[in-house]
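Dear colleague,

I am handing over the structure shown below, and I would be grateful if you could look through it alongside these notes. They go through a few places in turn.

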Amino acid sequence: MANVVVVGAQWGDEGKGKITDLLSRSADVVVRYQGGVNAGHTVVVNDQTLKLHLIPSGILYPETECIIGTGTVIDPQLLIQELDQLEQAGVSTANLHIAETAHVTMPYHRLIDQASEERRGTHKIGTTGRGIGPTYADKSERTGLRVLDLLDAANLEAKVQWAVESKNVLLEKFYGLPPLDAKAIVNEYLGYAQRLQPHVVDGSLRIYDAVSHKRNILFEGAQGTLLDLDHGTYPYVTSSNPVAGGACVGAGVGPTIIDRVIGVAKAYTTRVGEGPFPTELLDDTGKLLGDRGAEFGTTTGRARRCGWFDAVIGRYAVRINGLDCLAITKLDVLDDLPEIKVCVAYEVAGSRCADFPSNAHHFAQCQPIYETLPGWQQSTSHCRSLAELPPAALNYLKVLAELMSVPIAIISVGAERSQTIIVEDPIHGPKRALLYGDGSNGPPPPLR
């Protein structure tokens, strides 16, 4: 039995959906522990593409229990749309559970999010406009509504009436928007409550019961390490904690139940929205990565910025999350390149910097220091074992593992479930070195 946290090791969009879907085969329970509909996971099954925002990827396995944890923020309208999408695709949602203490995104949250972002002008953060930040803000201010509030009509009416009175002042006086009708919102959300009520549970208690029965639990984060509210590239971050430590708070469990943490990273780097990006490529290579990788946001459809793999932020993700293995995705996107660069350090004000700077101003000035590796210029999409990989592709993976001092457990070479090389199952396999420079189980090699 193993309880595993899956976390993004870059700026999100690393392919966590596929990895979570893959590991869900070995999991009894999958828990989404933070974020909201600003996240997006695309899973391809039998040529059918499913886009999930709140519901864990494990829902595709009929026997797997899926829990949306208390650390998430839930937009009931969009959650119901996801339920409908899955059911229309023949996927049962009977095993989906929603923590009653998760906070709820309201119409005024979306309006404030969009108006605030527009008001920033050239200082935009690049939010999705889905109301996530304002929902978490109300949570912190202790004025938010939780799922359990939707199930009590009188309580809901009183709380919405109070909230709308104050939010309307902000909407009208500060943003110049028309006021909202509290009664209409109450009626709308009571309708959502009726649909969602069968799925509502005490999330922490349900997870604790799974722990007590020694069931395998997979904790699924949204976004990525560099978007973490406390540890990311602030202020260009999300409003919650995607890092592995956030799993305990967002699910309602103690840290002693976590056995392993697997980080997911692309074989290159992408970023959506604003903020510094040292390895960003604004040339034909960057366009090639975007085209071959289909780099468009699942939630917004925005084109992702593309660049070379950044081992500095990779090492930072290892440190912040306590990663003990990696899943590398989209290796196949690099197949046609004659040479591939990897950022091994930064140059800042004439000095070499091997560690991620916490100062946003310094980070914006970082220039990448590259190591150039030969490409393999042949397809890897058919490879199902390390032995089948071109030697240059295998060497590239070994370099990444060495640079981050963390072994690689899983390699994805395409969008389909089958297009995966599993060096070791992080849930059932032993903790050991998987893919270092020499393939040995010895101590981690030194950083470059």
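**Two helices and their crossing**

Helix α3 passes helix α6 in a left-handed crossing. Please keep in mind throughout that this is a predicted model. The axes of α3, which covers residues 107–120, and of α6, which covers residues 153–174, come within 11 Å and cross at roughly 25°. Because angles under 35 degrees count as roughly parallel, α3 is described as roughly parallel to α6. Where the helices meet, Y108, L111, I112 and R119 are the residues on the side of α3, while α6 brings A163, V164, K167, L170, L171 and F174.

**Helix α4**

The two helices also appear in the surroundings of helix α4, since what covers the buried residues of α4 includes α3 and α6, together with β6 (73–74) and β8 (103–104). Which residues of α4, a helix that spans 132–141, are buried? They are I132, P134, T135, Y136 and D138. After α4 comes R142, which has a positive phi, near 65°.

**An annotated binding site**

In an unreviewed entry, UniProt places the feature "binding site" at T298, T299, T300, G301, R302, A303 and R304. Two of these positions can be described further here, and A303 is in the loop between α10 (284–292) and β13 (305–307), with R304 in the loop between α10 and β13 as well. Is A303 buried or exposed? A303 counts as exposed because its relative accessibility is 52%, and the cut-off for that word is over 50%. R304, by contrast, has a relative accessible area of 12% and is therefore buried, given that buried means under 20%.

As for what surrounds them, A303 touches E295 and F296 when residues up to four places away in sequence are not counted. The side chain of R304, for its part, makes a polar contact with the side chain of D13, at 3.4 Å.

**P374 in strand β18**

The last place to look at is P374, which lies in strand β18, a strand that runs over residues 367–374. Once its neighbours within four places in sequence are left aside, P374 is in contact with P338, E339 and A392. If you would like a distance to check in the viewer, P374 and Y234 are 35 Å apart in space, taken from C-alpha to C-alpha, and 140 residues apart in sequence.

With kind regards

Key: Residues numbered from 1 in each chain as written. Predicted model: local features only at pLDDT ≥ 70, side-chain atom pairs only at ≥ 80, totals over all residues. Heavy atoms only, no water. UniProt positions renumbered as here; feature names shortened; annotations may be inferred. Helix = DSSP H or I, 4+ residues; strand = E, 2+ residues; numbered from the N terminus. Buried < 20%, exposed > 50% of the residue type's maximum accessible area, 1.4 Å probe, protein only. Contact = heavy atoms within 4.5 Å. Polar contact = N/O pair within 3.5 Å; in protein donor to acceptor, adjacent residues only side chain to side chain. Axes fitted to C-alpha atoms, helices over the stretch in contact; angles between N-to-C directions. Parallel < 35°, antiparallel > 145°, perpendicular 65-115°, else oblique. Left-handed = near helix turned anticlockwise from the far one by under 90°.
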